Amino acid sequence: MNYSKKLIKIGELLADTAQFSEIFELATQHNGWFTPENLTFAFKAWAEALSEQHVQQWLSAYNLKEEPTDKKVLIIMAGNIPLVGFHDLLCVLVAGHKAIVKLSSDDKVLLPYIVKKMATIVPDWASAVTFTDERINSYDAVIATGSNNTARYFEYYFGKKPHIIRKNRHSVAVLKGDETQEQLAALGEDIFRYYGLGCRSVSKLFVPQGYNFDNFFRAIYLYKDIIEEQKYSNNYDYNKAVYLMSLYKLLENGFLMLKEDESYASPIATVFYEYYSDRAALELRLQADADQIQCVLAEGFTADEIAFGYSQKPQLWDYADGVDTLQFLLSI
């Protein structure tokens, strides 16, 4: 069975989310942010990404060999959203290498279970993946994802090996002021999915001078039930209290706060916004800050934009930080 057929079969496996109900329950108990709804969304998004058309389009760009290598790749995974490190693991396996995986303490349940399921389709992959919490001394390359602080640690320890080290990034949306209610509602998906915890979650809006937020608040009202989630509600109440005590000016609707701020990193239940008057100047600003930005959501703003509602449905060739992980692995 070639790589395309293997990946397509895995996509079909992930699409049948009913079989994962027990592991979903366990993952939710382990991490309260991993709700059954978000887990189901993550699995179905991966099933869609691993469709026959997408898999063939992805792999056609590479010269792959079916024979396994003796290379070992250490993957240090984040745990902010479900299956956040799954793409790195697939890339290592498709490259023919072995994966040594250090899971985040926030997501220790899902991936080991999926690997066992994958082994029923590709038996060789059972021995190609090792999960460990121990210190690893023997490896040929590293893929490490973490914060800006942990990235410095990663650079110190892994800098002499071939590596991909990822830092904090955030996603932004650029509004022109003429968006439809449907587009703004779709943008709500980019904001609220995974409670805004992902690097592809929109944490910052750029809006034209004089922008009226009434249409935006009207369109995202359908997400109002998010405030019923206790962890989200606690963050909303806490951040609102901090803002009010600091006398910050806020726009809010009972489940989302908007705060004018130049930063890209907004707290949970908050989205920052900033006004712009010159489109060309904003494009230059975003280009200059490219190392802080994962995605730009817009309609007719830039060639690399993502349509509203699709930030949390990346394709197989949408590599984190724009670094071609599979090409990196094929080159080691």
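A salt bridge here is a side-chain nitrogen of Lys or Arg within 4 Å of a carboxyl oxygen of Asp or Glu. Keep that in mind for the points below, and remember that this is a predicted model.

1. **A salt bridge to start with.** Arg 193 and Glu 189 make such a pair, with their closest N and O atoms 2.7 Å apart. Are the two partners buried or exposed? Arg 193 has a relative accessibility of 11%, so it counts as buried. Glu 189 comes out at 16%, so it is buried too. In total, the structure holds 11 salt bridges.

2. **A salt-bridge network.** Glu 274 and Arg 285 meet through their side chains at 2.9 Å, N to O. Glu 274 sits in strand 10 (residues 270-276) and Arg 285 in helix 12 (residues 279-288), so this pair ties together parts that are 11 residues apart in sequence. Arg 285 also forms a salt bridge with Asp 289, this time at 3.1 Å, N to O. Through shared partners, Lys 204, Glu 274, Arg 285 and Asp 289 are joined into one network. As for burial, Glu 274 is buried at 13% relative accessible area, and Asp 289 is buried at 15%. Arg 285, at 25%, counts as partly exposed.

3. **The overall build.** Stepping back, the protein has 13 helices and 11 strands. Does its radius of gyration agree or disagree with that of a compact globule? For 332 residues, such a globule would have a radius near 20 Å; the protein has 21 Å, which agrees. The C-alpha trace spans about 60 × 45 × 40 Å along its principal axes. Of the 332 residues, 50% are buried. If you take the contacts between residues at least 6 apart in sequence, 74% of them join residues at least 24 apart. The accessible surface adds up to about 16100 Å², and carbon and sulfur atoms account for 49% of that.

4. **Helix 3.** This helix covers residues 36-49, and its length is easy to check. At 1.5 Å a residue, its 14 residues should span 20 Å, and the end C-alpha atoms are indeed 20 Å apart. Which of its residues are buried? They are Asn 38, Leu 39, Phe 41, Ala 42, Phe 43, Ala 45, Trp 46, Ala 47 and Ala 49. What do these buried residues pack against? The partners are helix 1 (3-15), helix 2 (21-30), helix 4 (52-59), helix 5 (86-94), helix 6 (110-119) and helix 9 (181-192).

5. **Asn 239.** Here is a polar side chain worth a look in the viewer. Asn 239 belongs to helix 11 (residues 230-245). Its relative accessible area is 9%, so it counts as buried. Setting aside neighbours within four places in sequence, Asn 239 is in contact with Met 257, Pro 267, Ile 268 and Thr 270.

6. **A tyrosine patch on the surface.** Tyr 153, Tyr 156 and Tyr 157 form a nonpolar patch on the surface, and together they have about 400 Å² of accessible area. One of them, Tyr 153, lies in helix 8 (residues 148-158). At 45% relative accessibility, Tyr 153 counts as partly exposed.

7. **Two positive phi values.** Which residues other than glycine have a positive phi? Two to look at are Tyr 195, with phi near 60°, and Ala 269, with phi near 75°. Tyr 195 is in the loop between helix 9 and strand 7 (202-208), while Ala 269 is in the loop between strand 9 (257-260) and strand 10. Tyr 195 has a relative accessible area of 8%, so it is buried. Ala 269 is buried as well, at 5%.

8. **An exposed aspartate.** Last stop: Asp 70, in the loop between helix 4 and strand 1 (72-76). Is Asp 70 buried or exposed? Its relative accessible area is 64%, so Asp 70 is exposed. How far is Asp 70 from Ala 119 in sequence and in space? The two are 49 residues apart in sequence, and their C-alpha atoms are 19 Å apart.

How values were computed: Residues are numbered from 1 along each chain as its sequence is written. This is a predicted model: local features need pLDDT of at least 70, side-chain atom pairs count only at pLDDT 80 or more; totals for chains, interfaces and linings use all residues. Side-chain values use heavy atoms; hydrogens and water are left out. Helices (H or I, at least four residues) and strands (E, at least two) are DSSP runs, numbered from the N terminus. The expected span of a helix is 1.5 Å times one less than its number of residues. Buried means under 20% relative accessible area, exposed over 50%, partly exposed in between (1.4 Å probe, protein chains only). Contact means heavy atoms within 4.5 Å. Patches are made of residues with over 30% relative accessible area and no salt bridge: like charges are joined within 9 Å, nonpolar side chains (Val, Leu, Ile, Met, Phe, Trp, Tyr) within 5 Å. Accessible areas come from the Shrake-Rupley method with a 1.4 Å probe; for residues, only the protein chains shown count as cover. The radius of gyration is taken over C-alpha atoms; the globule rule is 2.2 Å times the number of residues to the power 0.38.
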